[in-house]
Amino acid sequence: MTSYKCIRIDVDDRVATVTLDRPEKRNAMSPRLNQEMVSALDGIRRDPDIDVLVLTGAGEAFTAGMDLKEYFRETQHDPIAFEAARDTAWQWQYKLLRYLPQVTIAAVNGWCFGGGFQPLVSCDLAIAADEARFGLSEVNWGIIPAGLVTKDVALAMGYRHAMHYILTGETFDGRRAAEIGLVTSSVPRAELDAAVAELVGRLRGLNPHVLRSAKEVYRHSLTMDYEQAWDYIGAKAVQLRTRDPENGRSRGMSQFLDEKSFRPGLGAYARPGPASDA
Ligand code: COA
């Protein structure tokens with residue numbers, strides 16, 4: 001795999017852990033880090049041997065947001081360079097991460113500020129350390145939460161909470177992030193890896209082709225009207241039957257209706273091959 005300077009990728013048992021790796025800069029997202037993430041995610045999305053992606057940060061931070069020096073200051077008199085840097089950020093934080101075929105989990109280990117909310121919200125699932133500290137700090141230093149942070153944060157935490165944190169720049173911890181729906185749950189820092197592993201284990205027992213379609217349908221139908229969504233979701237359900245090599249739908253029905261070997265309400269059907277042992 002390509003070697004990177006600002007990120008690290010570890011692949012184990014069909015799970016890719018991508019670590020933002022500039023701990024001395026609190027994993028601030030520089031143009032170079034953003035470029036590396038575009039390359040990494042583009043590789044991962046085409047990799048049939050990866051089912052789950054975990055995004056986390058090295059050291060004390062998940063990410064301290066966009067790099068104030070390299071992303072903002074060094075491009076402030078160069079609109080072309082700024083636009084290029086902005087586009088690279090958009091490519092990975094929004095397009096690639098949000099629509100990655102694999103399920104994505106943000107493991108928020110520490111500081112998460114400003115632009116850091118975008119990759120967090122673009123991940124499908126998120127677990128935070130209780131001790132993690134979040135803040136839409138933009139107003140503290142004279143800018144607005146830009147990119148699509150404002151829009152996406154409101155989607156995750158709802159109008160009142162989003163408006164409160166956008167306007168006050170107040171910080172909050174992992175427990176509060178879970179309370180307001182910004183993350184799925186929060187656990188003590190020492191238990192974060194185990195909580196992520198447990199969630200990964202559950203996902204690994206499910207059919208990845210089904211998860212991919214379920215996620216695509218949820219993401220895309222959000223912005224459709226009801227007529228379009230009805231039609232699109234119907235078509236995607238049919239598409240899944242042709243793109244699922246496991247033929248999970250028939251397999252699941254047979255195991256329930258004919259073999260009477262499992263109850264779909266209580267767990268997953270037995271998958272073929274080694275993944276069924278997960
Ligand atoms: N951009 C660029 N550099 C950053 C950075 C950012 N967003 N966040 C931290 N750094 C750098 C600091 O400049 C410092 O570099 P130096 O050692 O070369 O001086 C280094 O990371 C450590 O930062 P420091 O502030 O000393 O660490 P801390 O642990 O005391 O505090 C934070 C951590 C995250 C609270 C603090 O760094 C901070 O407020 N960062 C900015 C957060 C922010 O508002 N981000 C929004 C960007 S959209």
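**View 1. Leu 53 and Thr 104 at the junction of strands 3 and 5.** In this predicted model, Leu 53 stands opposite Thr 104, a residue of strand 5. Strand 3 and strand 5 run parallel and are joined by 4 bridges. On its other pairing, strand 5 meets strand 7 (residues 125-129), again in the parallel sense and over 4 bridges. Within that pairing, Ala 107 stands opposite Ile 127 of strand 7.

**View 2. The covered strand 5.** Strand 5 spans residues 103-108 and is mostly covered, with 6 of its 6 residues buried. Val 103, Ile 105 and Ala 107 point one way from the strand, whereas Thr 104, Ala 106 and Val 108 point the other way. Side chains in a regular strand alternate between the two faces of the sheet. In strand 5, the residues pointing either way are all buried.

**View 3. The open sheet of 6 strands.** The strand order of this sheet is 1-2-3-5-7-10, and its pairing is mixed. Strand 1 (7-12) and strand 10 (185-187) each have a single partner strand, so one side of each has no neighbour in the sheet. From one strand to the next, the twist averages 20 degrees. Strand 2 (residues 15-20) and strand 3 (residues 52-57) run parallel and are joined by 6 bridges. Thr 19 stands opposite Thr 56 of strand 3.

**View 4. The open sheet of 4 strands.** A sheet of 4 strands, also open, follows the order 4-6-8-9 with mixed pairing. Its edge strands are strand 4 (61-63) and strand 9 (171-173), each of which pairs on one side only. Neighbouring strands of this sheet are turned against each other by 20 degrees on average, with direction ignored. Strand 4 pairs with strand 6 (residues 111-113) in the parallel sense over 2 bridges. Trp 111 in strand 6 is the bridge partner of Ala 61.

**View 5. The residues around the ligand.** The ligand is surrounded by Glu 24, Lys 25, Arg 26, Ala 28, Ala 64, Met 66, Asp 67, Leu 68, Trp 111, Phe 113, Gly 115 and Ser 137. This shell divides into 6 nonpolar, 2 polar and 4 charged residues. Among the surrounding residues are Trp 111 and Phe 113, and strand 6 covers residues 111-113.

**View 6. Polar contacts to oxygen atoms of the ligand.** A polar side-chain atom of Lys 25 lies 2.5 Å from a ligand oxygen atom. For Arg 26, an N or O atom of the side chain is 2.9 Å from an oxygen atom of the ligand. Glu 24 takes part through its backbone, where a polar atom is 3.4 Å from an oxygen atom of the ligand. The ligand exposes 870 Å² when taken alone, and the protein buries 60% of that area.

**View 7. Thr 75 in the loop between helices 2 and 3.** Thr 75 is placed in the loop that lies between helix 2 (68-72) and helix 3 (79-98). With a relative accessible area of 8%, Thr 75 falls under the 20% limit and therefore counts as buried. A polar atom of the Thr 75 side chain lies 2.6 Å from the backbone oxygen of Tyr 71.

How values were computed. Residues are numbered from 1 along each chain as its sequence is written. This is a predicted model: local features need pLDDT of at least 70, side-chain atom pairs count only at pLDDT 80 or more; totals for chains, interfaces and linings use all residues. Side-chain values use heavy atoms; hydrogens and water are left out. A residue is near a molecule or strand if one of its heavy atoms lies within 4 Å of it. A polar contact is a pair of N or O atoms within 3.5 Å; within protein, one must be able to donate a hydrogen and the other to accept it, and residues adjacent in sequence count only if both atoms are side-chain atoms. Accessible areas come from the Shrake-Rupley method with a 1.4 Å probe; for residues, only the protein chains shown count as cover. Ala, Val, Leu, Ile, Met, Phe, Trp, Tyr, Cys and Pro count as nonpolar, Asp, Glu, Lys and Arg as charged, and the others, Gly among them, as polar. Two strands pair if DSSP finds at least two bridges between them. Axes are lines fitted to C-alpha atoms, for helices over the stretch in contact, and angles run from 0 to 180 degrees between N-to-C directions. Buried means under 20% relative accessible area, exposed over 50%, partly exposed in between (1.4 Å probe, protein chains only).
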